[in-house]
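The following note is intended for a colleague who is meeting this structure for the first time. It considers the pockets and then the nonpolar cores.

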Amino acid sequence: MHTPIKNNISWVGYVDWTLRDFHGYDTPRGGTYNSYLIQDEKIVLVDAVKGLYVSSLLENIAELVPLEKVDYVVCNHAELDHSSGLPVVMRKLPNAVLVCNARCQKTLSAYYDTTGWRWKIVEDGEKLEIGRRTLEFHFTPMVHWPESMFTYVPEEKLLFSMDAFGQHLASSERFDEEILDEALREAKTYYANIVMPYPKQVLKTLEMASKLDLETVCPSHGVVWRKHLPEIVEAYSRWASGRVEPKVLILYDTMWESTTMLAKAIYAGVLDVPGATAQLFSIRTCTLADLVTAASDAGCCAIGSSTQNAVQMPMVSAVMTYFQGLKPPVKHALAFGSYGWGRGAAEEITAWFERVKWEPVCEPVKCIYRPDDAALAAARAAGKLLGEKAVEMAKE
Ligand code: FEO
């Protein structure tokens with residue numbers, strides 16, 4: 001099944017309604033691997049799909065042109081969700097030349113046996129005439145991998161933006177105006193879980209893209225942006241700028257609810273500050289993807305855990321590891337938690353704050369077995385400090 005996008009440019013990808021995990025990122029809404037076919041004097045396939053779904057891709061192409069008529073396959077990004085179909089694609093499209101940059105060629109050659117592939121290696125800014133239209137290649141390193149690039153078609157004002165502006169969202173709809181709220185919501189989740197570690201490179205990519213005359217942006221995942229392009233570009237610019245909401249994130253795990261009591265007192269303390277808001281997550285009831293998305297616009301975060309065998313509870317470690325890699329814009333923090341005969345959790349969390357350069361607003365808030373009134377008052381006071389910082393940070 002294919003979908004016309006614009007003037008003989010068609011979507012020929014795969015909608016994966018079963019996808020629930022993308023290398024550790026929970027994807028409850030499924031996903032898509034978008035490939036596009038340009039029919040001009042030359043026939044060009046832009047990006048492939050995951051290897052499992054390559055037969056659908058080939059069927060979709062064959063609805064439009066015989067497979068032997070495809071002249072070029074552009075690979076904008078070597079990650080396996082787009083490239084693992086390439087070995088079959090290059091075998092089944094016997095006359096196709098693979099177009100990519102030198103770094104992408106090196107990566108593809110590490111993953112696959114590329115014997116017999118014919119290559120066209122392009123430089124940043126290089127153009128390729130395909131008839132009535134031109135392909136322009138613009139490198140976008142680290143959005144999402146070092147070899148990533150955009151392919152721009154100036155005559156159509158259309159950009160193939162690969163992972164950028166994507167969403168993991170299975171849908172029968174292909175365009176932004178059809179499911180705008182979901183697309184924007186999932187784009188934020190996608191940004192937080194995939195793109196967030198490299199804000200400087202995102203801003204550089206946005207600056208490059210701002211010089212292109214754009215009407216249509218076709219990412220490698222999710223819907224095509226055409227009616228609401230300014231919204232998604234503005235959102236990317238906001239997310240990459242590190243601007244935060246006046247919000248405190250409170251994350252905790254608990255054995256017997258004492259740490260929950262501290263978390264709720266911290267929450268109340270945040271709300272004592274006019275203008276501050278708080279989000280409270282018991283982490284075993286949430287996904288890592290949801291937690292880091294909530295952190296993507298938070299400047300302040302409290303992390304709490306009961307002490308279990310002299311350290312924090314295991315899911316707290318998982319959250320910290322996930323956050324360490326994705327680097328949400330948090331700057332101020334608080335460790336808290338209960339303990340019994342031996343301490344450990346709040347101390348481990350505090351040591352981790354040092355590693356990720358989150359500055360504690362005060363000493364960890366701790367209690368032995370059950371928080372008494374003094375511990376709850378200390379938690380509330382610490383929450384207030386975090387709330388004040390959150391409001392300050394949102395004004396920066
Ligand atoms: Fe859609 Fe970075 O792969």
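1. The model is a predicted one. Three helices, α7 (229-241), α10 (314-326) and α11 (345-356), each contribute at least two residues to the lining of the largest pocket. Of these, α7 supplies the most, with 3 residues.

2. The volume of the largest pocket is about 460 Å³. Its lining comprises 24 residues, and those closest to the centre are Lys-327, Pro-328, Pro-329, Val-330 and Lys-331. By class, the lining of the largest pocket consists of 15 nonpolar, 4 polar and 5 charged residues.

3. The second largest pocket has a volume of about 350 Å³. It is lined by 17 residues, of which Met-255, Thr-307, Tyr-339, Gly-340 and Trp-341 lie closest to its centre. This lining divides into 6 nonpolar, 8 polar and 3 charged residues.

4. Turning to the interior, the largest nonpolar core contains 90 residues. Within this core, the residues with the most contacts are Leu-45, Tyr-236, Leu-251, Ile-303 and Phe-323. Helix α5 (residues 180-195) gives the most to the core, namely 8 residues.

5. Apart from the largest core there is another, made up of 26 residues. Its members include Val-248, Ala-263, Ala-302 and Val-361.

6. Which residues does Tyr-236 contact, leaving aside its neighbours within four places in sequence? They are Asp-163, Ala-164, Phe-165, Gly-166, Tyr-190, Tyr-191, Val-195, Val-202 and Leu-206. Tyr-236 is also one of the residues with the most contacts inside the largest nonpolar core.

Technical notes
Residues are numbered from 1 along each chain as its sequence is written. This is a predicted model: local features need pLDDT of at least 70, side-chain atom pairs count only at pLDDT 80 or more; totals for chains, interfaces and linings use all residues. Side-chain values use heavy atoms; hydrogens and water are left out. A nonpolar core is a set of buried Ala, Val, Leu, Ile, Met, Phe, Trp, Tyr and Cys residues joined through side-chain atoms within 4.5 Å. Buried means under 20% relative accessible area, exposed over 50%, partly exposed in between (1.4 Å probe, protein chains only). Helices (H or I, at least four residues) and strands (E, at least two) are DSSP runs, numbered from the N terminus. Contact means heavy atoms within 4.5 Å. On a 1 Å grid over the protein atoms alone, a cavity is a set of points where a 1.4 Å probe fits but cannot get out, and a pocket is an open set with protein on both sides within 12 Å along at least five of seven lines; lining residues have an atom within 4 Å of a point. Grid points are joined across faces, edges and corners, and a volume is the space filled by probe spheres set on the points. Ala, Val, Leu, Ile, Met, Phe, Trp, Tyr, Cys and Pro count as nonpolar, Asp, Glu, Lys and Arg as charged, and the others, Gly among them, as polar.
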